[in-house]
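Got your viewer open? Let's take a walk through this protein, one selection after another.

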Amino acid sequence: MADLLCSDREMAPSFLNSVLNQLNWAFSEFIGMIQEIQQAAERLERNFVDSRQLKVCATCFDLSVSLLRVLEMTVTLAPEIFLDWSRPSSELLLRRLAQLLNQVLNRVTAERNLFDRVVNLRLPGLESVDHYPILVAVTGILVRLLVDTDFQGLA
């Protein structure tokens, strides 16, 4: 995979843009769904939340984590796709990646935020929704970028 990503200068940006677009969609859907779940949980009558909605929400979260893992693998195998400024798409891909990672970190790490409140509800069906999996994936990407940037003398 590393050889293919590094050698095909048209396919790699297309693949990564697709992953980034899907991640943006999945994470945005996830945030929208947890907003609805939080609103339903705050209502006085405390109606139950539809189990299908919880499953779709958890699936969007799992998809977001999986796409982050794909990005982590890509950064590990072929960091030059993001860090080699001689490639015309590197800067744009790195900017898009940074924006998405920033969005994820802003939504997941703020104290007593929406994500925190929904995780603390411990709703059945949302067992996979937690800080750890998504933060590990984001951290893995950032660490690889930092290590490879330093290794390539770009820091």
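Before you click anything, here's a term you'll need: a residue is called buried if its relative accessible area is under 20%, exposed if that value is over 50%, and partly exposed in between. Keep in mind, too, that you're looking at a predicted model.

**Stop 1: the whole chain**

Start with everything shown as a cartoon. You should find seven helices and zero strands, so to speak an α-α-α-α-α-α-α run when read from the N terminus. Turn the chain around: its C-alpha atoms fill a box of roughly 60 × 25 × 20 Å along the principal axes. Of the 155 residues, 39% count as buried. Now think about who touches whom. Among contacts between residues at least 6 apart in sequence, 74% join residues at least 24 apart.

**Stop 2: the nonpolar core**

Select Phe 30, Phe 82 and Leu 97. In the largest nonpolar core, which has 45 residues, these three touch the most other members. Next, colour the elements that give two or more residues to this core: helix H2 (11-42), helix H3 (51-77), helix H4 (80-83), helix H5 (90-109), H6 and helix H7 (131-151). Which helix gives the most? That's H2, with 12 residues. In soluble globular proteins, nonpolar side chains tend to be buried together.

Stay on Leu 97 and show what surrounds it. Skipping neighbours within four places in sequence, Leu 97 is in contact with Leu 20, Leu 71, Val 75, Phe 82, Ile 141 and Leu 145.

**Stop 3: two residues on H7**

Pick Leu 135, which sits in helix H7. Is Leu 135 buried or partly exposed? Its relative accessible area is 24%, so Leu 135 counts as partly exposed. Beyond its neighbours within four places in sequence, Leu 135 is in contact with Leu 105, Val 108 and Thr 109. Try your distance tool as well: Leu 135 and Val 65 are 70 residues apart in sequence, yet 8.9 Å apart in space, C-alpha to C-alpha.

Now slide along to Asp 148, also found in helix H7. Asp 148 counts as buried because its relative accessibility is 8%. Leaving out neighbours within four places in sequence, you'll find Asp 148 in contact with Val 75, Pro 79 and Leu 83.

**Stop 4: both ends of H6**

Zoom in on helix H6, residues 114-121. Its buried residues are Leu 114, Phe 115, Asp 116, Val 118 and Val 119.

What caps the N-terminal end of H6? Select Asn 113: one of its side-chain oxygens lies 3.2 Å from the backbone nitrogen of Phe 115. Asn 113 is in the loop between H5 and H6, and at 11% relative accessibility it counts as buried. The side chain of Asn 113 has other polar partners to look at. It reaches the backbone oxygen of Arg 107 at 2.5 Å and the backbone oxygen of Ala 110 at 3.1 Å. Leaving aside neighbours within four places in sequence, Asn 113 is in contact with Asn 106, Arg 107 and Val 108.

Then jump to the other end, where H6 is followed by Arg 122. This residue lies in the loop between H6 and H7. Check its backbone: phi is near 50 degrees, a positive value in a residue other than glycine. Arg 122 is exposed, with a relative accessible area of 60%.

**Stop 5: two cysteines**

Select Cys 57 and Cys 60. How many disulfides does the whole structure have? A search finds zero. Cys 57 is in no disulfide, and the nearest cysteine sulfur to its own is that of Cys 60, 7.0 Å away. Why no bond between them? A disulfide needs the two sulfur atoms within 2.5 Å, so 7.0 Å is too far. Both are hidden from the surface by our definition: Cys 57 is buried at 0% relative accessible area, and Cys 60 is buried at 6%.

**Stop 6: a little empty space**

For the last stop, go looking for a gap. Rolling a probe the size of a water molecule over the atoms shows where empty space is left. Here the count comes to one cavity of 30 Å³ or more, and the largest cavity holds about 30 Å³ of space. To find it, select the residues that line it: Arg 9, Pro 13, Ile 81, Arg 87, Pro 88 and Ser 89.

Methods: Residues are numbered from 1 along each chain as its sequence is written. This is a predicted model: local features need pLDDT of at least 70, side-chain atom pairs count only at pLDDT 80 or more; totals for chains, interfaces and linings use all residues. Side-chain values use heavy atoms; hydrogens and water are left out. Buried means under 20% relative accessible area, exposed over 50%, partly exposed in between (1.4 Å probe, protein chains only). Helices (H or I, at least four residues) and strands (E, at least two) are DSSP runs, numbered from the N terminus. A polar contact is a pair of N or O atoms within 3.5 Å; within protein, one must be able to donate a hydrogen and the other to accept it, and residues adjacent in sequence count only if both atoms are side-chain atoms. A nonpolar core is a set of buried Ala, Val, Leu, Ile, Met, Phe, Trp, Tyr and Cys residues joined through side-chain atoms within 4.5 Å. Contact means heavy atoms within 4.5 Å. On a 1 Å grid over the protein atoms alone, a cavity is a set of points where a 1.4 Å probe fits but cannot get out, and a pocket is an open set with protein on both sides within 12 Å along at least five of seven lines; lining residues have an atom within 4 Å of a point. Grid points are joined across faces, edges and corners, and a volume is the space filled by probe spheres set on the points.
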